[in-house]
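The following exercises are to be solved with the sequence and the structure at hand. Each task is followed by a worked solution.

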Amino acid sequence: MHCNILEYLEEAEASHPQKAAFGDTSGEATYQAFGQMARQIGSRLAALGAYGEPVAILMEKDVKNLAAFFGAVYSGCFYVPIDKTLPKGRIRTILSVVKPRFVILGKGDAALAEGLLAEATALFLEDLLSPAPICEERLRQIRESHLDTNPLYMMFTSGSTGVPKGVLVSHKSVIDMAEQFTRTFHFTGEDVFANQAPFDFDVSVKDIYLTLRNGATMQIVPKGMFVLPKNLARYLNEKKATTLIWAASALSVVSTLDAFKEEAPASLRRVMFSGEVLPIRVLHYWQKHLGNAQYVNLYGPTEITCNCTYYIVDREFAPGEILPIGKPFPNTEILLLDSEDKPAGVGEICVRGSCLALGYYHNLEATQKAFCQNPLQGGYPELIYRTGDMGFYNERGELVFQSRKDYQIKRMGHRIELFEIEAAVNAVDGVDRCCCIYDQDKEKIILFYQAKEALEADILRYLQQNLPKYMFPNLFQHMERLPENSHGKIDRRRLEQEYREQKQ
């Protein structure tokens, strides 16, 4: 039984030291080379007195970045990945929550550090990797004191107050995720994961740790491939990629730009997606070009270690239909609770199991609100996580995401799910993505949609055939591109802000 994620790395290193572990545009690192880099960084951090604390990593998305993650873990610390391209204000806010003693970054970003690191010590990766002996004895001592409940990483989600919340996830939870994914989807050492997600987005956690768990290989897809993806298929073929675990928005980019028009990836066996609801027309595009691949809809927030449910697409879906989120992974249970914490046919999706995160860093109030006692278990302490998402089971016994609790509105005496309107609009030909917000003061539904041209008449025509009139949007806002957050999701908060500014 594993209790430290480093055991995955060391087992793979021992069994096939010269196999490529991780690759980026500058080359590949073998398991042996990667392990050496991680232990060297860990030894340096340990010599500086780092132990049991957050180490912020503000770097490029590359193999050395990953080595810094594991270096922090070797030193007995946990890592906090921060995308250096985030706005400085956002980085500053994250650092104010983390309060790290040490921040690792590249020397090329020294100027960036000057304005951000008031009390932390900047450590340059180039210095940490300069030739120096690995302190095996100190690393052994650190390992002996390790518990599987120790935090492994911290990732940030948007806070309801505007202050981001740092989600702490333990070794135990990531090990459980890696084991359940491997058993469910039969990953092996022959797999090649093509990583799309940023390292500060938990979608990437699956790429990283499923690679190590199975002694597989992970290739970091260049970010530019999602801006001009005409060479994406060629890249995936060159790398012999077998598995994509991508944000749904990345799959949408491929279909919108018709990236597989001339060439399709030939070696892909699995296409897994999460983060947002995938429009059926996007699924159809991928199925058209990769008909033999397995398609899996994954669901779950950062607070439950990536995903708690999955649905393997096993039938045809028509435009406008919604993919189920399926069933829970082994060792995970889903509860649907109503407003009185009673089991319900339609209720808030609550989760119990080893997948639960430790909570929010330096935020006990938010932790106690979201991670609370299971109301169905009064005999002993047992936590559940309240996702804030509403769900129900369909006639096939599959769990279906209905909406966010705060996306449900009451208008003209009717209870309306904004998500249901979005699902209908996403089925309209020519619409790439859409988002609805509600003006409570004026009782108006505002639809923002991304398309090459204005399609209000087409949207209305489709809605007239598929939704009752009280669910029609009152205002239509055509945009060439909807705003996104750093993880590629639609930035709903920014849309709300822009609408408020337009009203003034």
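A residue is called buried when its relative accessible area is under 20%, exposed when it is over 50%, and partly exposed in between. The model used here is a predicted one.

**Exercise 1.** Determine whether Ile312 is buried, partly exposed or exposed, and describe its surroundings.

*Solution.* Step 1: locate the residue; Ile312 belongs to strand E14, which covers residues 309–312. Step 2: apply the cut-offs. The relative accessible area of Ile312 is 29%, and values between 20% and 50% are classed as partly exposed; therefore Ile312 is partly exposed. Step 3: list the contacts. Beyond the residues up to four places away in sequence, Ile312 touches Phe185, Gln294, Tyr295 and Val296. Step 4: set sequence beside space. Glu340 lies 28 residues from Ile312 in sequence, and their C-alpha atoms are 32 Å apart.

**Exercise 2.** Classify Glu53 as buried or exposed, and identify the partner of its side chain in a polar contact.

*Solution.* Step 1: Glu53 is placed in the loop that joins helix H2 (31–47) and strand E3 (54–59). Step 2: Glu53 is buried because its relative accessibility is 13%, and the limit for buried is under 20%. Step 3: the side chain of Glu53 forms a polar contact of 2.8 Å with the side chain of Arg101. Step 4: when neighbours within four places in sequence are set aside, the contacts of Glu53 are Cys77, Phe78, Arg101 and Phe102.

**Exercise 3.** Describe the largest nonpolar core and name the helix that gives the most to it.

*Solution.* Step 1: the largest nonpolar core comprises 87 residues, and Phe34, Phe70, Ile104 and Tyr209 have the most contacts inside it. Step 2: helix H3 (residues 63–74) gives the most to this core, namely nine residues. Step 3: a second core, separate from this one, has 33 residues, including Met225, Trp246, Phe260 and Val282. Step 4: a general tendency may be recalled here. In soluble globular proteins, nonpolar side chains tend to be buried together.

**Exercise 4.** Explain why the buried residues of helix H15 line one face of the helix, and state what covers them.

*Solution.* Step 1: the buried residues of H15 (residues 456–466) are Ile459, Tyr462 and Leu463. Step 2: viewed down the helix axis, the buried residues of H15 fall within an arc of 100°, so they line one face. Step 3: Gln464 and Gln465, on the other side of H15, are exposed. Step 4: the cover over the buried residues of H15 includes helix H14 (418–425) and the strands E24 (431–439), E25 (444–451) and E26 (475–479).

Note on methods
Residues are numbered from 1 along each chain as its sequence is written. This is a predicted model: local features need pLDDT of at least 70, side-chain atom pairs count only at pLDDT 80 or more; totals for chains, interfaces and linings use all residues. Side-chain values use heavy atoms; hydrogens and water are left out. Helices (H or I, at least four residues) and strands (E, at least two) are DSSP runs, numbered from the N terminus. Buried means under 20% relative accessible area, exposed over 50%, partly exposed in between (1.4 Å probe, protein chains only). Contact means heavy atoms within 4.5 Å. A polar contact is a pair of N or O atoms within 3.5 Å; within protein, one must be able to donate a hydrogen and the other to accept it, and residues adjacent in sequence count only if both atoms are side-chain atoms. A nonpolar core is a set of buried Ala, Val, Leu, Ile, Met, Phe, Trp, Tyr and Cys residues joined through side-chain atoms within 4.5 Å. The arc is that of the directions from the helix axis to the C-beta atoms.
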